[in-house]
Amino acid sequence: MEAAVYYVFLAMTLGGALGVLLTPGYVGAAMSMLASMLGVAGLMLMMGAYFPAFVMISVYAGAVLVLFVFVVMLVGDAHEPVRLWRKFAFLVLWAAAGAVVGLYAPEMSSWAESKLASGVSGSSGALEVAKNYGYAMFKNNMLAFQISGLLLLAAMVGVIAVAKEPAVRKRRREMV
Amino acid sequence: MHCQLSEFLAPALMLFATGFAGAVLKKNAIIVFMCVELMLVGAMLALLSFAAANGDVNGGVYALFVMAIAAAEVAVGLAILVRLFRLRGVVDVRDMNSLGD
């Protein structure tokens, strides 16, 4: 059963990546990339990297793709006719998500029951994982963490400086 | 959870190859950026699969740094793209040849 879920995530990852290349419009490419990112997050879950998987979903699906769609809104999509398969693409995605949930649900419920039976306080696996991440990030890699924060700040200032029209040119254009 | 290294390295390699092909072949700058993102995600998946195979938590932290750098890169790139679109009105990489003249 795990193999089936693995192949579903693999198909989402590679099909989404191919969709970025082959879809003619921007929005379709962004949606394909969303499918690919969700597949990658699923693969990360399967290898046991839970924290990066959820950060992957929130950063890529939540921030980067919204940025892409926002820029597509500014630039304007290539005008292509809506094809029939695109209406069914969401149905296929929902079916895949339902299949994953349906396949995992019995195992998850049995896992939760065993956890409840053994007592939650006895096993602190999730807390241990969070503690390890905290130590690794804020103790061993503190300098890299600060530098990446500084990089994000510099990128933010740079983006505003680049994307904003200079005030002088704007005033000149308004006068003309 | 089972963790066969090749099971996760293969999709990482295929993601990287697909992204590389798109970054080289596509003519649209937005699609090129998406393909660069795919390449970064492929590299990150390879890093995480090696980390999971070794049972090391530092790999996950490095993956977070990769995500931060990818977010900064795509923000700056798209800002340049928006500015370029205002100046030239196109987002085709074949038209961005002013430095080559």
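This briefing describes the two chains of the structure, the interface between them and several individual residues.

The model is predicted. Chain A contains 7 helices and 0 strands, and chain B contains 3 helices and 0 strands. Between them, chain B and chain A bury about 4,800 Å². Over all chains, a search of the whole structure finds 1 salt bridge.

**Chain A**

- The elements of chain A, from the N terminus on, run α-α-α-α-α-α-α, with 7 helices and 0 strands in the chain.
- Chain A has 176 residues, of which 30% count as buried.
- About 10,900 Å² of chain A is exposed, and 74% of this area is supplied by carbon and sulfur atoms.
- Of the contacts in chain A between residues at least 6 apart in sequence, 61% join residues at least 24 apart.

**Chain B**

- Along the sequence, chain B shows the pattern α-α-α, with 3 helices and 0 strands in the chain.
- Chain B has 101 residues, and 44% of them count as buried.
- The exposed area of chain B is about 4,600 Å², with carbon and sulfur atoms supplying 66% of it.
- Where contacts in chain B have a separation of 6 or more, residues 24 or more positions apart account for 56% of them.

**Interface between chain B and chain A**

- In this interface, 51 residues of chain B are in contact with 56 residues of chain A.
- The size of an interface is often given as the accessible area lost when the parts come together.
- For chain B and chain A the buried area is about 4,800 Å², and 81% of it lies on carbon and sulfur atoms.
- The two chains, B and A, have 7 residue pairs in polar contact between them, both residues being at pLDDT 80 or more, while the count of salt bridges between chain B and chain A is 0.
- On the side of chain B that touches chain A, at least two residues each are supplied by α1 (5-25), α2 (29-54) and α3 (58-88) of chain B.
- Of these helices, α3(B) gives the largest share of that side, 23 residues.

**Nonpolar surface patch on chain A**

- A nonpolar patch on the surface is formed by Val27(A), Met31(A), Val69(A), Phe90(A), Leu93(A) and Trp94(A), which together have about 590 Å² of accessible area.
- Helices α2 (26-46) and α4 (84-118) of chain A are the elements that give two or more residues to the nonpolar patch.
- The largest share of the nonpolar patch, 3 residues, comes from α4(A).
- Val27(A), one of the patch residues, is placed in helix α2 of chain A.
- Val27(A) has a relative accessible area of 36% and is therefore partly exposed; this value also meets the patch requirement of over 30% relative accessible area.

**Buried residues in helices α1 and α2 of chain A**

- Thr13(A) is placed in helix α1 (residues 2-22) of chain A.
- The relative accessible area of Thr13(A) is 0%, so this residue is buried.
- Beyond its neighbours within four places in sequence, Thr13(A) is in contact with Ser36(A), Gly39(A), Val40(A) and Leu43(A), and also with Leu15(B) of the other chain.
- Ser32(A) lies in helix α2 of chain A.
- With a relative accessible area of 13%, below the 20% limit, Ser32(A) counts as buried.
- Residues up to four places away in sequence not being counted, Ser32(A) touches Gly16(A), Gly19(A), Val20(A) and Thr23(A).

**Individual residues of chain B**

- Val36(B) is located in helix α2 of chain B.
- Val36(B) counts as partly exposed because its relative accessibility is 27%.
- Apart from residues up to four places away in sequence, Val36(B) touches Ala23(B) and Glu73(B).
- The C-alpha atoms of Val36(B) and Val74(B) are 8.9 Å apart in space, although the two residues are 38 residues apart in sequence.
- Asp92(B) and Arg94(B) join their side chains in a salt bridge, with an N to O distance of 3.0 Å.
- Arg94(B) is exposed, as its relative accessible area is 53%.

Terms used: Residues are numbered from 1 along each chain as its sequence is written. Chains are lettered from A and ligands numbered from 1 in the order in which they are written. This is a predicted model: local features need pLDDT of at least 70, side-chain atom pairs count only at pLDDT 80 or more; totals for chains, interfaces and linings use all residues. Side-chain values use heavy atoms; hydrogens and water are left out. Patches are made of residues with over 30% relative accessible area and no salt bridge: like charges are joined within 9 Å, nonpolar side chains (Val, Leu, Ile, Met, Phe, Trp, Tyr) within 5 Å. Accessible areas come from the Shrake-Rupley method with a 1.4 Å probe; for residues, only the protein chains shown count as cover. A salt bridge is a side-chain nitrogen of Lys or Arg within 4 Å of a carboxyl oxygen of Asp or Glu. Helices (H or I, at least four residues) and strands (E, at least two) are DSSP runs, numbered from the N terminus. Buried means under 20% relative accessible area, exposed over 50%, partly exposed in between (1.4 Å probe, protein chains only). Contact means heavy atoms within 4.5 Å. Buried area is the accessible area (1.4 Å probe) that two parts lose on being put together, summed over both. A polar contact is a pair of N or O atoms within 3.5 Å; within protein, one must be able to donate a hydrogen and the other to accept it, and residues adjacent in sequence count only if both atoms are side-chain atoms.
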